[in-house]
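Me: I am a first-year student, and I would like one careful look at a single part of this protein instead of a tour of the whole. Please start from a helix and build outwards step by step.

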Amino acid sequence: MKIALVQSWLGEGAGEPVFPIGLASLAASLPGHTVAAFDPNVAAGDPMAALAGFLRDFSPDMTGVSLRNIDSTNTRVNVSYLPPFGRTLMTARLETSGPLVVGGAGFSMFAKAIMASWPAIDYGVALEGETAFAALADALSRGNAPSSVPSLFCRDDDGEAFFTGESVKIDLSDLPSPDFSILPLTPYAAVPWGIGVETKRGCALSCVYCPYGFLNGRRYRTKTPQQVAAEIIALRDRFGATRFTFLDSVFNVPVDHARAVMEAMVAAGATLPWSGWFAERGLTRDFLELAHRAGCDTVIFSPDAYGDAALKKLGKAATVAEIEAAYRLVRDLGCFEVSYNFFKNPPGQTLPAALAMLRFIAKARREMGRKAHFELNSIRVEPHTALAKLAVAEGLIEAGADLLLPVMYSQKRTAYIEKLFDMLLRAVGK
């Protein structure tokens with residue numbers, strides 16, 4: 001088959017582009033098929049006109065659209081990506097006659113609602129897509145029934161969507177490395193986090209707002225350290241990448257695998273500058289020194305709160321003392337930039353904790369200057385999370401609410417704290 005892989009458009013002014021690693025992983029898993037990819041987010045001129053031209057020229061037998069995010073969560077004003085997603089689907093439907101397939105993390109979290117809202121979608125790939133999408137392509141090319149392929153949403157004779165059942169989690173050692181040749185890296189290279197490398201899937205942590213456990217499972221499934229090093233070398237030597245970011249939800253958990261990855265990078269000379277998300281608990285000086293030797297120049301933390309009560313309520317594996325200890329390690333080494341994500345008014349928030357967070361931010365900016373970066377965000381209530389259940393219990397939403405429409409969590413009794421932070425953010429132009 002001729003298969004087009006398309007990243008969903010995010011809309012005008014959606015921010016800096018990210019290389020679609022999901023499409024690269026799909027492309028690598030489609031031997032025997034002719035594959036071409038398109039990302040309207042880096043297209044010159046009219047993105048939908050450019051997409052239409054690509055589809056007309058390629059004339060695919062099947063088109064896959066990846067929906068990575070439903071909306072923005074790191075901006076003061078929430079921006080929905082669903083209207084441009086709808087335009088992406090409409091363009092694909094008008095320009096092609098073959099099956100239209102949607103997948104990606106955003107689709108997987110809201111699969112039933114999306115299948116119901118956009119009848120143009122023929123099939124939906126839920127959760128991990130490499131084996132399911134390849135199996136769907138093989139079934140269609142051979143004239144077999146796609147309903148026999150697990151992890152798919154199909155439609156019955158009346159157009160109603162049904163799910164074929166979950167598939168087993170993929171052993172990453174069975175997957176080829178992503179095909180980074182599907183799109184030029186240049187449009188993404190200027191973005192510090194624009195090009196990603198994956199070392200594992202799964203997360204055993206229990207942050208109440210996070211859908212990673214639903215999307216990737218609780219059990220860690222790792223790539224070999226040597227494969228990770230080889231992918232980095234290929235990115236640098238074949239495709240011209242000058243930096244990357246590790247895509248793992250938390251890079252340094254489990255610590256033994258992270259250490260082995262970095263040791264393999266050093267041994268292979270795969271030491272491009274990189275960033276990654278780190279957990280504060282268990283972080284040591286020698287681990288950070290190894291990270292620096294392996295090329296790390298930016299450590300990203302997401303403590304989310306700065307009070308022990310709120311940290312516990314959020315299900316975070318950290319205390320304020322551990323947050324401070326990790327900060328001191330990064331500060332004293334002097335070779336890293338550091339980024340922090342905090343929520344303005346999470347569950348368990350108190351005024352003393354909010355003020356302590358402001359003091360921490362002020363201290364870090366005083367001591368590290370422009371090498372310390374901070375994001376203060378609201379929490380989007382996602383399906384398949386403990387926060388969704390908490391929001392129901394607190395009366396923020398009704399049971400079974402349509403979370404495709406964004407619902408932002410804010411603890412009711414301290415709502416004034418979020419308003420205070422919003423005023424401060426407006427004052428500094430964020």
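Which strands does helix H2 (residues 47–58) lie across, and at about what angle does it run to E2?

Reply: The model is a predicted one, so what follows describes a computed picture. Helix H2, which covers residues 47–58, lies across E1, E2 and E3, and the angle between this helix and E2 is about 170°. Since these angles compare N-to-C directions on a scale from 0 to 180 degrees, the helix and E2 run in nearly opposite directions.

To see what the helix rests on, follow the sheet itself, which is open and consists of seven strands in the order E2-E1-E3-E4-E5-E6-E7, with mixed pairing. Its edges are strand E2 (34–38) and strand E7 (161–163), each of which pairs on one side only. From one strand to its neighbour the turn is 20° on average when direction is ignored.

Now take the strands in order, beginning with strand E1 (residues 2–7), which pairs with E3 in the parallel sense over five bridges. Within this pairing, Leu 5 has Gly 64 of E3 as its bridge partner. On the other side, strand E3 (residues 62–66) is joined to E4 by four bridges, and these two strands also run parallel. Gly 64 appears here again, standing opposite Val 101 in E4, so if you find this glycine in the structure you can look from it to Leu 5 and to Val 101.

Strand E4 (residues 100–103) deserves a pause, because buried means under 20% relative accessible area, and by that cut-off both of its faces are covered: Leu 100 and Val 102 are buried on one side, while Val 101 and Gly 103 are buried on the other. This division into two sets fits a general pattern, because in a regular strand the side chains alternate between the two faces of the sheet. Continuing across the sheet, two bridges join E4 to strand E5 (residues 123–125) in a parallel arrangement, and the bridge partner of Val 102 in E5 is Gly 124.

A second helix also packs here: helix H3 (residues 82–95) lies across E1, E3 and E4, and its direction makes an angle of about 155° with E4. Comparing the two lists of strands, you will find E1 and E3 under H2 and again under H3.

Beyond E4 in the sequence comes a part that helps to form a pocket, the second largest, with a volume of about 520 Å³. Its lining holds 26 residues, and the closest to its centre are Met 109, Phe 110, Lys 112, Pro 383 and His 384. Helix H4 (105–109), helix H5 (111–117) and helix H15 (386–393) are the elements that give two or more residues to this lining. By class, the lining is made up of 17 nonpolar, four polar and five charged residues.

Of these central residues, His 384 is worth a closer look, since its place is in the loop between strand E16 (379–380) and H15. With a relative accessible area of 45%, His 384 is partly exposed. Its phi is positive, at about 65°, although the residue is not a glycine. This is unusual, because most residues other than glycine have a negative phi.

Another positive value brings us back towards the sheet, for Ser 151, also not a glycine, has a phi near 70°. Ser 151 belongs to the loop between helix H6 (130–142) and strand E6 (152–155), and E6 is one of the seven strands in the sheet order. Because its relative accessibility is 3%, Ser 151 counts as buried, whereas His 384 is partly exposed.

Ser 151 also has a place beside a cavity, one of two of 30 Å³ or more. This is the second largest cavity, which holds about 70 Å³ of space, and the residues around it are Leu 127, Glu 128, Thr 131, Ser 151, Glu 166, Ser 167, Val 168, Lys 169 and Ile 170. Its lining divides evenly, into three nonpolar, three polar and three charged residues.

Notes: Residues numbered from 1 in each chain as written. Predicted model: local features only at pLDDT ≥ 70, side-chain atom pairs only at ≥ 80, totals over all residues. Heavy atoms only, no water. 1 Å grid on protein atoms, 1.4 Å probe; cavity = no way out; pocket = protein on both sides within 12 Å on 5 of 7 lines; lining within 4 Å. Points joined across faces, edges and corners; volume = space filled by probe spheres on them. Nonpolar A, V, L, I, M, F, W, Y, C, P; charged D, E, K, R; others polar. Buried < 20%, exposed > 50% of the residue type's maximum accessible area, 1.4 Å probe, protein only. Pairing = 2+ DSSP bridges. Contact = heavy atoms within 4.5 Å.
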